[in-house]
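Thanks for asking me to look this one over. My notes follow as numbered points, to be read with the model open beside you.

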Amino acid sequence: MIIKELEEQLLALKPSEKVQVIQLLAQSLGGNWQGIEKTPKVCGGQACIANTIIPVWVLVEARRLGYSDADLLTSYPTIKATDLANAWVYAAAHEDEIDLLIEQNQAV
């Protein structure tokens with residue numbers, strides 16, 4: 001997508017959506033994803049919900065299998081809706097990483 005098209009789309013966003021875009025860009029530049037952490041000795045250093053051992057790829061795979069956010073919050077009572085929102089943003093920005101982890105874990 002060329003910059004001019006992107007610019008037009010960004011300007012058409014609602015203010016709250018613009019804030020989300022800014023947060024996403026800032027996180028991607030700094031490598032710091034709100035609510036998501038990679039700790040070398042936790043789940044092999046995979047992206048997890050902060051302060052848990054719940055990998056983002058597991059949540060994405062569950063969602064692809066048809067689980068709703070409500071289902072996931074019931075299944076994982078230690079996480080909140082904001083944790084899922086952070087996971088979805090991270091997964092969208094790191095689609096190749098998440099797809100590879102899902103593929104690797106299906107082969108096991």
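**Notes on the model**

1. Let me start at a single glycine. Gly 66 sits just after α3 and takes a positive phi of about 110°. The helix before this glycine, α3, covers residues 56–64, and much of what follows is about that helix.

2. Please keep in mind that this is a predicted model. The mean pLDDT of the chain is 88, with 93% of the residues at 70 or more. Which elements have the lowest and the highest mean pLDDT? The lowest value, 74, belongs to helix α2 (residues 15–30), and the highest, 97, belongs to α3. When you look at α2, then, do so with its mean pLDDT of 74 in mind.

3. Now the overall layout. The chain has six helices and two strands, and from the N terminus the order of elements is α-α-β-β-α-α-α-α. Its C-alpha atoms fill a box of roughly 45 × 25 × 25 Å along the principal axes. Of the 108 residues, 26% count as buried. The exposed surface of the chain comes to about 7,400 Å², and 58% of that is supplied by carbon and sulfur atoms. If you count contacts between residues at least 6 apart in sequence, 43% of them join residues at least 24 apart.

4. Back to α3, this time from the inside. Which residues of α3 are buried? They are Val 56, Trp 57, Leu 59, Val 60, Glu 61 and Ala 62. Note that a glutamate, Glu 61, is on that list. The buried residues of α3 pack against both strands, β1 (36–38) and β2 (47–49), and against the helices α4 (69–75), α5 and α6 (95–106).

5. Take α5 as one of those partners. Helix α5 spans residues 81–93, and it packs with α3 at an angle of about 90°, the two axes lying 10 Å apart. The pair is therefore roughly perpendicular. On the α3 side the contact uses Val 56, Leu 59, Val 60 and Arg 63, while α5 brings Leu 84, Ala 87, Trp 88, Tyr 90 and Ala 91. By class, the residues of this contact are eight nonpolar, no polar and one charged.

6. The next partner is α6. Here the angle with α3 is about 80° and the axes are 9 Å apart, which makes α3 roughly perpendicular to α6. From α3 come Val 56, Trp 57, Val 60, Glu 61 and Arg 64, and from α6 come Ile 98, Asp 99, Leu 101, Ile 102, Asn 105 and Gln 106. This contact divides into six nonpolar, two polar and three charged residues. You will find Val 56 and Val 60 of α3 in the contact with α5 and again in the contact with α6.

7. How do α5 and α6 pack with each other, and how far apart are their axes? The angle is about 95° and the axes are 5 Å apart; α5 and α6 are therefore roughly perpendicular to each other. Tyr 90, Ala 91, Ala 92 and Ala 93 of α5 meet Glu 95, Glu 97 and Ile 98 of α6. Those residues comprise five nonpolar, no polar and two charged. Tyr 90 and Ala 91 also take part in the contact of α5 with α3, so to speak of one patch here you would want to view the helices together.8. Two residues other than glycine deserve a look for their backbone. Cys 43 has a positive phi of about 50° and is found in the loop between β1 and β2. Its relative accessible area is 28%, making Cys 43 partly exposed. Asn 51 has a positive phi near 65° and is found in the loop between β2 and α3. Is Asn 51 buried or exposed? At 74% relative accessibility, Asn 51 counts as exposed.

9. Finally, Ile 53, which lies in the loop between β2 and α3. This isoleucine counts as exposed, at 64% relative accessibility. Leaving aside residues up to four places away in sequence, Ile 53 touches Val 42, Cys 43 and Cys 48. Cys 43, one of these neighbours, is the residue with the positive phi of about 50°. Ile 53 and Thr 39 are 14 residues apart in sequence, and their C-alpha atoms are 9.8 Å apart.

Note on methods:
Residues are numbered from 1 along each chain as its sequence is written. This is a predicted model: local features need pLDDT of at least 70, side-chain atom pairs count only at pLDDT 80 or more; totals for chains, interfaces and linings use all residues. Side-chain values use heavy atoms; hydrogens and water are left out. Axes are lines fitted to C-alpha atoms, for helices over the stretch in contact, and angles run from 0 to 180 degrees between N-to-C directions. Helices (H or I, at least four residues) and strands (E, at least two) are DSSP runs, numbered from the N terminus. Angles under 35 degrees count as roughly parallel, over 145 as roughly antiparallel, 65 to 115 as roughly perpendicular and the rest as oblique. Contact means heavy atoms within 4.5 Å. Ala, Val, Leu, Ile, Met, Phe, Trp, Tyr, Cys and Pro count as nonpolar, Asp, Glu, Lys and Arg as charged, and the others, Gly among them, as polar. pLDDT is the predictor's confidence in each residue, from 0 to 100. Buried means under 20% relative accessible area, exposed over 50%, partly exposed in between (1.4 Å probe, protein chains only). Accessible areas come from the Shrake-Rupley method with a 1.4 Å probe; for residues, only the protein chains shown count as cover.
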